[in-house]
Amino acid sequence: MDTPETPAREESNAKVIRLIRPSVVVLCGPAACGKSTFAAKHFRPTQIVSSDQARALVCDDERDQRFSAQAFALVHCLIEQRLSINRLSVVDSTALTPPARKSLQDLARKYHVPAVALLIDVPLDTCVERDTKRERSVGRPIIERQHHLFEQLKSSIKQEGFDQVVELRDEDLDKARFEIVFRPVPRSVSPPERPERRRFASRRAHHAAESGPTADEARAPSQPNGRPPESA
Ligand SMILES: Nc1ncnc2c1ncn2[C@@H]1O[C@H](COP(=O)(O)OP(=O)(O)OP(=O)(O)O)[C@@H](O)[C@H]1O
Ligand SMILES: [Mg+2]
């Protein structure tokens, strides 16, 4: 019987992939294999957490690799906030190194949601050809190196502990269809404090330290009967 845990099944030529919301879906594939195109076709823009977009947000240039650490900090932050309110996160990055995948799996574990690896398996020459046709090309040497990492990943990823590993070849990309099952995780955590509240709270504390007791502290003490003094 099919369950949401069974990754994919054929149905009238379509490759149906069942996902649970919330979960972390990690796209894996070399540059120009078509990850962003595929994600945009199947998911809402807000469900896609893209390392390129995060890089653009932090440093104004999605290609500037000097700021990848900051970009991934933002990627992780967005995923955490989305998972904390039971949203799906489709992570659009190459995810070609074990530590990159592990960090995303760790977020999924922290929020008790499934981690899914979605491998976009496109031949090297096709990636290179797609790369040459796009505005922002990265060049054959980078794609070759990334494709090599991807080939290694294909044989090792099943041992990495993903709840689901889905492999899509180039010819599957157009046939893929997603079914998303909503299975919320009960959360007892309180929402993060808003920064401006924190700022005002720390300003109040600072002010109090400098100017003596707060209004509450300065209020005249209650009478033993619990009522305020007559003059208050
Ligand atoms: N299934 C497809 N068939 C034909 N062309 C495609 C397909 N998917 C993507 N492309 C084209 O290939 C190019 C690369 O696609 P895309 O930007 O989605 O790759 P990517 O994997 O996100 O690359 P990067 O890792 O560099 O962000 C684009 O010009 C896109 O239009
Ligand atoms: Mg992309």
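A32 sits in the loop that joins β3 to α1, where helices (H or I, at least four residues) and strands (E, at least two) are DSSP runs numbered from the N terminus. Its phi is near 70 degrees, a positive value in a residue other than glycine. A32 counts as buried because it has 26 C-beta neighbours inside 10 Å; a residue is buried if 20 or more other C-beta atoms lie within 10 Å of its own, exposed if 12 or fewer, and partly exposed in between, with C-beta atoms placed from the backbone.

This is a predicted model, in which local features need pLDDT of at least 70 and side-chain atom pairs count only at pLDDT 80 or more, while totals for chains, interfaces and linings use all residues. Residues are numbered from 1 along each chain as its sequence is written, and chains are lettered from A and ligands numbered from 1 in the order in which they are written.

A positive phi also occurs at N86, as the table shows.

| Residue | Phi | Loop | C-beta neighbours inside 10 Å |
|---|---|---|---|
| A32 | near 70 degrees | between β3 and α1 | 26 |
| N86 | near 60 degrees | between α3 (68–84) and β5 (89–92) | 17 |

With its 17 neighbours, N86 counts as partly exposed. Another backbone feature is the cis peptide bond from R21 to P22, with omega near 10 degrees. P22 belongs to the loop between β2 (14–21) and β3.

The protein has nine helices and eight strands. Of its 232 residues, 26% count as buried. Among contacts with a separation of 6 or more, 74% link residues 24 or more positions apart; two residues are in contact if their C-beta atoms, placed from the backbone, lie within 7 Å.

The largest nonpolar core (a set of buried Ala, Val, Leu, Ile, Met, Phe, Trp, Tyr and Cys residues joined through C-beta atoms within 7 Å) has 43 residues. V24, V26, V91 and L118 have the most contacts inside it. Strand β6 (residues 115–121) gives the largest share of this core, six residues. Beyond four places in sequence, the contacts of V24 include I79, V91, L104 and V116.

F38 lies in helix α1 (residues 35–42). F38 is buried because 20 other C-beta atoms lie within 10 Å. Leaving aside neighbours within four places in sequence, F38 is in contact with I120 and L173. F38 and L173 are 135 residues apart along the chain, yet their C-alpha atoms are separated by 7.2 Å.

Helix α5 (residues 124–133) packs against helix α6 (residues 140–156) at an angle of about 145 degrees, with the axes 10 Å apart. Axes are lines fitted to C-alpha atoms, for helices over the stretch in contact, and angles run from 0 to 180 degrees between N-to-C directions. L124, C127, V128 and D131 in α5 meet R140, I143, E144 and H147 in α6.

Confidence varies along the chain. The average pLDDT (the predictor's confidence in each residue, from 0 to 100) is 85, and 79% of the residues score at least 70. Among the elements, strand β3 (residues 24–28) has the highest mean, 99, and helix α9 (residues 215–218) the lowest, 33. The pLDDT stays under 50 over residues 208–232, a stretch with eight contacts in the model beyond four places in sequence. Where pLDDT is low, the predicted coordinates should not be read in detail.
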